[in-house]
Amino acid sequence: MRLRVEFTTEPFDLDEAPEHAVVAREVIQSAELDAVDVGPFGNTAEGGADEVLTAVDALLRKSLAAGATRVSLQVNVIGAAGEGEK
C-alpha cells in the first residue's frame, strides 16, 4: 500500500523557520520516501506504508521534542502495493 502524508508543525514563525519545523523537514527528507515537497505552510511526502509510518513516528517524536506545540497531519491511502512493496 502507498501512503501520502501531509503535515504542519506549530507555532508558526514567518520570519525564521522554528527548530521544530527544521527537524520535521529533516526527518522527512532523510526518510526513504519519494515525492517529498516541503514548504513554509505545509509539507507532503509519499511512499510505501512502512516507510511513511516509520517517518511519521520519527516526525512526531522529534518535532515535539524540538518545541512543537501542535503537529497537524493527514495520512491518505493513494494506491495498492506495487511489486516489491509490503
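These are my notebook entries on a helix, a surface patch and two backbone oddities.

**Ground rules.** I'm looking at a predicted model, so I keep in mind that local features need pLDDT of at least 70, side-chain atom pairs count only at pLDDT 80 or more, and totals for chains, interfaces and linings use all residues. Residues are numbered from 1 along each chain as its sequence is written, and side-chain values use heavy atoms, with hydrogens and water left out.

**Helix α2.** I looked up which residues of α2 are buried (under 20% relative accessible area, 1.4 Å probe, protein chains only): A49, V52, A55, V56, L59 and S63. They sit on the same side of α2, because they cover an arc of only 130° around the axis; the arc is that of the directions from the helix axis to the C-beta atoms. On the other side I found T54, R61 and A65 exposed, meaning over 50%, with partly exposed in between. Next I checked what the buried residues of α2 pack against: β1 (2–10), α1 (19–30), β3 (43–48) and β4 (70–79). Contact here means heavy atoms within 4.5 Å. Helices (H or I, at least four residues) and strands (E, at least two) are DSSP runs, numbered from the N terminus. After α2 comes G67, with a positive phi near 110°.

**Loop between β1 and α1.** L14 is in this loop and is exposed, at 71% relative accessible area. P11 is here too, and the peptide bond from E10 to P11 is cis, with omega near 10°.

**Strand β2.** A35 lies in β2 (residues 34–38). Its phi is positive, about 55°, although A35 is not a glycine. Most residues other than glycine have a negative phi, and most peptide bonds are trans.
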